[in-house]
Amino acid sequence: MNAQETRYDRQILLPEIGLEGQRKLAKARVLLVGCGGLGAPIATYLAAAGVGTLGLVDDDVVSLTNLHRQVLFSELQVGQPKVVCARERLTQLNGEVNIKVYPVRLSAENALAILSGYDIVVDGTDNFAARFLISDTCLSLSLPFVYGSIRGLQGQVAVLCVGRATYRTLFPDETATLSMPHPGKEVVGVTPSVVGSVEASQAIQLICGYGEPLIDRLWTVDLATMQSHIIDL
């Protein structure tokens, strides 16, 4: 067994992944938009799984209020760019992963250029406008969009832009959606951990081609009651 097989031995043992799935992971190019609460577990588990190229888009810096949920970062990194800090930590975790950083806010001007270099886009954002932009760009490029969002103790995940559903299926009226009040910043740190981990799992499923990804389906969870549902879109 070579060094690479040793590193990924536990997941290679899974018949759903195996050596062929590991090779697919090594060739995959995944873009994560947002390195916050959702982005921390997404980036961690995709890098640990051996995704070949991982792109990170975020224009923010680490703040003290981030640390209870954005577990990629430390107190020593407060004030530093998130993508730079994330790259440092993820490289320490798995030096085999090619990590590309984009210390910018995704916009209509740069979205096409950034997304076009990837196979899958994963949502680590926290606002409606970014998700509309990601979904529309993914649709134009025929890229899967692994969507996720959280609020307080609740979260949801779906795989969009593969079948019939896009983000506009969830929110058909963009103007009305963008005019809604901010849902609030209250959240317990484990909520993005759970939801982000499910997003990472969906990306790995799409890459390796196993199971039943949430294509055209919305998974919801309430951590206060542990009730979970899957809704057809």
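The radius of gyration is taken here over C-alpha atoms, and the globule rule with which it is compared is 2.2 Å times the number of residues to the power 0.38.

**View 1. Overall fold of the predicted model.** This is a predicted model, and for its 233 residues a compact globule would have a radius of gyration near 17 Å, which agrees with the 17 Å of the protein. Along the principal axes, the C-alpha trace spans about 55 × 40 × 40 Å, and the secondary structure consists of 10 helices and eight strands. Among contacts with a separation of 6 or more, 65% are between residues 24 or more positions apart.

**View 2. Surface and interior of the protein.** The accessible surface amounts to about 11,100 Å², and carbon and sulfur atoms contribute 55% of that area. Of the 233 residues in the protein, 50% are buried.

**View 3. A nonpolar patch on the surface that includes Val190.** Leu153, Val188 and Val190 together form this patch, with about 220 Å² of accessible area between them. Val190 lies in helix 10, which covers residues 190-208. Because its relative accessibility is 48%, Val190 counts as partly exposed, a class that lies between buried, under 20%, and exposed, over 50%.

**View 4. Cysteine residues Cys138, Cys161 and Cys208.** A disulfide requires a pair of cysteine sulfur atoms within 2.5 Å, and by this rule the count for the model is zero. For Cys161, the closest cysteine sulfur is that of Cys138, and the 5.3 Å between the two sulfurs is too far for a bond. For Cys208, the closest cysteine sulfur is again in Cys138, but at 19 Å, so this pair too is too far apart for a bond. Cys161 counts as buried because its relative accessibility is 8%, and Cys208 likewise counts as buried, with a relative accessibility of 6%.

**View 5. Surroundings of Asp216, in a loop after helix 10.** Asp216 is placed in the loop between helix 10 and strand 7, the strand being formed by residues 217-222. With a relative accessible area of 9%, Asp216 is buried. When its neighbours within four places in sequence are left aside, Asp216 is in contact with Val159, Gly163, Arg164 and Ala165, and also with Ile231, Asp232 and Leu233.

Definitions and conventions: Residues are numbered from 1 along each chain as its sequence is written. This is a predicted model: local features need pLDDT of at least 70, side-chain atom pairs count only at pLDDT 80 or more; totals for chains, interfaces and linings use all residues. Side-chain values use heavy atoms; hydrogens and water are left out. Patches are made of residues with over 30% relative accessible area and no salt bridge: like charges are joined within 9 Å, nonpolar side chains (Val, Leu, Ile, Met, Phe, Trp, Tyr) within 5 Å. Accessible areas come from the Shrake-Rupley method with a 1.4 Å probe; for residues, only the protein chains shown count as cover. A salt bridge is a side-chain nitrogen of Lys or Arg within 4 Å of a carboxyl oxygen of Asp or Glu. Helices (H or I, at least four residues) and strands (E, at least two) are DSSP runs, numbered from the N terminus. Buried means under 20% relative accessible area, exposed over 50%, partly exposed in between (1.4 Å probe, protein chains only). Contact means heavy atoms within 4.5 Å.
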